[in-house]
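I opened this model to keep a short record of what I looked up in it. The entries follow in the order I made them.

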Amino acid sequence: MTVSFGTRLAEAFVSSGRLCVGIDPHSYLLGEWQLADSAAGVRDFGLRVVEAAHGRAAIIKPQVAFYERHGSAGYAALEDVLAAARAAGLLVIADVKRGDVGTSVEAYGEAWLTPGSPLESDAMTISAFQGVGSIRAPHELALAGGKGLFVLAATSNPEAALLQRAVVDTGQSVAASIVGDVHDWNTSETTAGPSGLGSTGVVIGATVGLADYGITAGALSTTPILAPGFGHQGALVSDATTLFGAASGNVIVSASRSILAAGPSGIADAVETQSREIAEAFA
Ligand SMILES: O=c1ccn([C@@H]2O[C@H](COP(=O)(O)O)[C@@H](O)[C@H]2O)c(=O)[nH]1
């Protein structure tokens, strides 16, 4: 029987905590890590992050853009990183933010969520700004394969607020409307399992206030929340439960540069310290 992504995520929270280590091999970080800004460099970088996360964190989130920069060799490097993460038992959220008309976005879903595909991940970030109906095919594919989606709702970058707080016909903000549709999916899913956590998540930056977008904790009750914005973008782990209130139990704390800045010799300690800080903040 296929175990749903929501159930696997809930189990990972219990066994390994809620930290998601971002793999973002920025050019300047590659330099600091004494790696070349090349496909080989991003491969080594990713593999070292996987090694540091193994046994210290639940989830990794490769930012695919930094691999795509290196063309087909970059994708081959990413495939190696994904394989290493799978072998280490880490949950992988591919940060790809794909979106298009439904027939095209279906192919993106197949690329990242099909069991056995070279880019197989446990979940992918996806854009529903072409309509939540446009991502129905990857949603169904995800459910069938025990995979997940994280739908962009209220992103962490400040310039997004103008669009994502805009009000749609229902009287809700764009972000709240997406959160509501995802909630409907999660509450009607038959595969949610005993954890009660659905397999379709949303992206809500830790830098935003839910109330500013008209998002209620109730609308997030069964929805995993991928929350970037901690560390380098300014959000504090110690504020997380205040930010997300009653929905805090569903939050994945995502941080990239603030951990990666520790360098290859310090990253394992940085992951451990961050995991401990999160466990204390969410206790
Ligand atoms: O709203 C969003 C959605 C995705 N991201 C991504 O998360 C990381 C954040 O990196 P930091 O170094 O921790 O700032 C990066 O890959 C973004 O593309 C986001 O920041 N906000």
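**Entry 1: helix α5**

I began where helix α5 ends: Gly89 follows α5 and has a positive phi, near 75°. I keep in mind throughout that this is a predicted model.

I then went back over the helix itself. Helix α5 covers residues 71-87, which makes 17 residues. From first C-alpha to last I get 25 Å, close to the 24 Å expected at 1.5 Å a residue.

Which residues of α5 are buried? I listed Gly74, Ala77, Leu78, Val81, Leu82, Ala84 and Ala85. They lie on the same side of α5, because the arc they cover around the axis is only 160°. On the face turned away from that buried side I found the exposed residues Ser72 and Ala87.

Next I looked for what covers the buried residues of α5. The cover includes the strands β1, β2 (59-62) and β3. It also includes the helices α3 (39-53) and α4 (65-68).

**Entry 2: the barrel and β8**

I traced the sheet and found a closed barrel of 8 strands, in the order β1-β2-β3-β4-β5-β6-β7-β8, with parallel pairing. Neighbouring strands of this sheet are turned by 30° against each other on average, direction ignored.

I picked strand β8, residues 251-255, for a closer look. Is β8 mostly covered or mostly open? It is mostly covered, with 5 of its 5 residues buried. Val251, Val253 and Ala255 point one way from β8, while Ile252 and Ser254 point the other way. I noted for comparison that side chains in a regular strand alternate between the two faces of the sheet.

I checked the partners of β8 in turn. Strand β1 (residues 19-23) pairs with β8 in the parallel sense over 3 bridges, and Val21 stands opposite Ala255 there. Strand β7 (residues 225-227) also runs parallel to β8, joined by 3 bridges. From β7, Leu226 has Ile252 as its bridge partner, and Ala227 has Val253.

**Entry 3: the nonpolar core**

I turned to the largest nonpolar core, which has 88 residues. Which members touch the most others? They are Ile60 and Val151. Helix α3 gives the largest share of this core, 7 residues. As background, nonpolar side chains tend to be buried together in soluble globular proteins.

I followed Ile60 further, not counting residues up to four places away in sequence. Ile60 touches Cys20, Val21 and Ile23, and also Val49, Val50 and Ala53. The rest of its list is Ala85, Leu90 and Val92. Val21 was already in my notes as the residue opposite Ala255 in β8, and Ala85 as one of the buried residues of α5.

**Entry 4: the end of β3**

I looked at Arg98, which is found in strand β3 (residues 91-98). Why does Arg98 count as buried? Arg98 has 20 other C-beta atoms within 10 Å, and 20 or more is the cut-off for buried. Beyond its neighbours within four places in sequence, Arg98 is in contact with Val105, Tyr108, Met124, Ile126 and Ser127. I also took one distance: Arg98 and Leu152 are 54 residues apart in sequence, with 9.9 Å between their C-alpha atoms.

Lys97 is found in strand β3 as well. Its phi is positive, about 45°, although Lys97 is not a glycine. Lys97 counts as partly exposed because it has 17 C-beta neighbours inside 10 Å.

**Entry 5: Gln34**

I noted another positive phi at Gln34, near 55°, in a residue other than glycine. Most residues other than glycine have a negative phi. Gln34 lies in the loop between α2 (27-32) and α3. Is Gln34 buried or exposed? It counts as exposed, because it has 10 C-beta neighbours inside 10 Å.

**Entry 6: helix α7**

Last, I took helix α7, residues 136-145. Its buried residues are Pro138, His139, Ala142, Leu143 and Gly145. Among the elements that cover them are the helices α1 (5-16), α6 (102-113) and α9 (174-188). The strands β4 (123-126), β5 (148-154) and β6 (200-204) are also part of that cover. Gly146 follows α7, and its phi is positive, near 70°.

Notes. Residues are numbered from 1 along each chain as its sequence is written. This is a predicted model: local features need pLDDT of at least 70, side-chain atom pairs count only at pLDDT 80 or more; totals for chains, interfaces and linings use all residues. A residue is buried if 20 or more other C-beta atoms lie within 10 Å of its own, exposed if 12 or fewer, and partly exposed in between; C-beta atoms are placed from the backbone. Helices (H or I, at least four residues) and strands (E, at least two) are DSSP runs, numbered from the N terminus. Two strands pair if DSSP finds at least two bridges between them. Two residues are in contact if their C-beta atoms, placed from the backbone, lie within 7 Å. The expected span of a helix is 1.5 Å times one less than its number of residues. The arc is that of the directions from the helix axis to the C-beta atoms. Axes are lines fitted to C-alpha atoms, for helices over the stretch in contact, and angles run from 0 to 180 degrees between N-to-C directions. A nonpolar core is a set of buried Ala, Val, Leu, Ile, Met, Phe, Trp, Tyr and Cys residues joined through C-beta atoms within 7 Å.
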